[in-house]
Amino acid sequence: MKENKKKFYIKTWGCQINEYDSLTIINTLQQNKKYTETKNVLEAEILILNTCSIREKAHEKLFHQLGRWKDLKKNNKNIIIAVGGCVATQEGNNILKRAKFVDIIFGTQTLHKLPHMLEKHIIKQKSLININFLQLEKFQDTIKPKFTNYIASIPIMEGCNKYCSFCIVPYTRGREMSRPFYSLLTEINTLANNGIKEIQLLGQNVNSYKYIDKNKNKYTFAELLHSISLIKKIKRIRFITSNPMQFTDDIIHIYNKTNKIVNFLHLPIQSGSNKILKLMKRPYSISEYEQIIKKLKKIRPNIQISSDFIVGFPGETEDDFQDTIKIISKIKFDMSYSFIYSPRPGTPASKLKDNVDLETKKYRLQILQKKIKKQTNYWNTKIINSNQKILVEKFFNKKKLELIGKTENNRTVILQGQKNMIGKIIKVQITKKKKNFFKGIYIP
Ligand code: SAH
Ligand code: F3S
């Protein structure tokens, strides 16, 4: 009966993979019939926190949040608190030591165990922990998220073996594991038959995708892209995140074979200085990065590139920083993410002498972000009067027959149109820029 369902509330921090994981948790718990999601924390009996540890203050943030939830628990002893995600995977029992009132700790690879852990906790009334690396198991034992607006995300791989010196991901997500090639294609085919038009492939390093089946057949990321592009009803393909270490020619070649892969690529460079890249243990040079872009531009002259940057890495001099500014101009990066370097516990970089003071780091970040903003504006100006393909997602304003959709490089466009355009890719001339979106006119 509906009234007897326990209400759960979930809070998510971090990347798109965490978002996807949380959607999976929601669907899996709801399928269980005993649980139902609430968006109101005050009426929930189960509080779930899906954490992220990529940058600083992850721990402080976690214990602050838990402190707030502890107060709720004081008023209602039946409240169950569960902590999952990257901080939970890394810290495990340490969380329980500091916050004894936490009931369940689950990891990035054990989220499918949550329903069972909840049951067990309700019966045994003691804290439980499972942060094992049961890679890929979660994909079989969970209910996939539902997607609206014709766009679906799908994780194709998990984890990372690259061990960049600053990064916590290999320790929290485990080694690279790729999902079986044909089951991915089947899943995408089903999504396509259910109306999905755009697929976003997810993973810490999507281009490291490598699946070897029982008969020793090997499948690569390039082959996966190509096979997805052959699914007729799928009209657009995106992926995030790919890395420059393995952006091989076979992947670039696929851009030649299909125009379903968007004219936009997120390829994190991190720094414009070869010296800093070496310290970061990023095994490419600036000229190698430039080569990748050059080859891509031969096929797609207008492709737009975005990136992630870390400023203030230990040893970064003003000259190194200026090299980063230079490469930003040279590549003409579009909207990018930039962060001040944050030492992550247990990573090799955290042992390097951090000789850049905080003021300098903040100043460099400010300069870099200003520069990026200028370039975002450059691309924003450049698309005015151009023709763009947009996937129409829904009505923006039904009465006024205004539709909303996105361009290949993620710009939101609003235009006058008809209901039957929803779910289709249409050609639009961009006419002007408003605050957070563009206006366009349909080109029949
Ligand atoms: N696989 C991707 C990166 C995933 S991590 C790649 O190869 O680039 C997401 C982003 O978080 C990174 O690109 C980096 O810019 C940022 N990041 C990771 N660790 C960080 C740290 N210790 N300090 C600051 N930023 C960090
Ligand atoms: Fe992190 Fe480097 Fe892997 S940034 S996710 S260790 S490629």
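**Close-up views of a predicted model**

**View 1. Long-range contacts in the chain.** Of the contacts between residues at least 6 apart in sequence, 71% join residues at least 24 apart. The model is predicted. The chain holds 14 helices and 22 strands. Its C-alpha atoms occupy a box of roughly 65 × 60 × 55 Å along the principal axes. The radius of gyration is 23 Å, which agrees with the value near 22 Å for a compact globule of 444 residues.

**View 2. Surface and interior of the predicted chain.** Buried residues account for 53% of the 444 residues. The exposed area of the chain is about 21,600 Å², and 51% of this area comes from carbon and sulfur atoms. The chain carries 80 positive and 37 negative charges, and the mean positions of these two sets lie 5 Å apart.

**View 3. The stacked pair of Phe 181 and Tyr 219.** The whole structure contains 13 aromatic pairs. One of them joins Phe 181 and Tyr 219, whose rings are stacked, with 4.2 Å from centre to centre and 15° between the planes. Phe 181 belongs to helix α8 (residues 181–193) and Tyr 219 to strand β12 (residues 218–220), so the pair ties together parts that are 38 residues apart in sequence. Phe 181 has a relative accessibility of 3% and therefore counts as buried. Tyr 219, at 11% relative accessibility, also counts as buried, because the cut-off for a buried residue is under 20%.

**View 4. The edge-to-face pair of Phe 221 and Phe 239.** The rings of Phe 221 and Phe 239 form an aromatic pair that is edge-to-face. Their centres are 5.1 Å apart, and the angle between the planes is 90°. Phe 221 is in helix α9 (residues 221–229), while Phe 239 is in strand β13 (residues 236–240). The pair links distant parts of the chain, 18 residues apart. Both Phe 221 and Phe 239 are buried.

**View 5. An aromatic cluster of four residues.** Tyr 284, Tyr 289, Phe 309 and Phe 333 make up one aromatic cluster. The cluster brings together two Tyr residues, Tyr 284 and Tyr 289, with two Phe residues, Phe 309 and Phe 333.

Methods. Residues are numbered from 1 along each chain as its sequence is written. Chains are lettered from A and ligands numbered from 1 in the order in which they are written. This is a predicted model: local features need pLDDT of at least 70, side-chain atom pairs count only at pLDDT 80 or more; totals for chains, interfaces and linings use all residues. Side-chain values use heavy atoms; hydrogens and water are left out. Helices (H or I, at least four residues) and strands (E, at least two) are DSSP runs, numbered from the N terminus. The radius of gyration is taken over C-alpha atoms; the globule rule is 2.2 Å times the number of residues to the power 0.38. Buried means under 20% relative accessible area, exposed over 50%, partly exposed in between (1.4 Å probe, protein chains only). Contact means heavy atoms within 4.5 Å. Accessible areas come from the Shrake-Rupley method with a 1.4 Å probe; for residues, only the protein chains shown count as cover. Lys and Arg count as positive and Asp and Glu as negative; His and the chain ends are not counted. The place of a charge is taken as NZ of Lys, CZ of Arg, CG of Asp or CD of Glu. Rings of Phe, Tyr and Trp (its six-membered ring) pair if their centres lie within 6.5 Å; planes under 30 degrees apart count as stacked, over 60 as edge-to-face and the rest as tilted.
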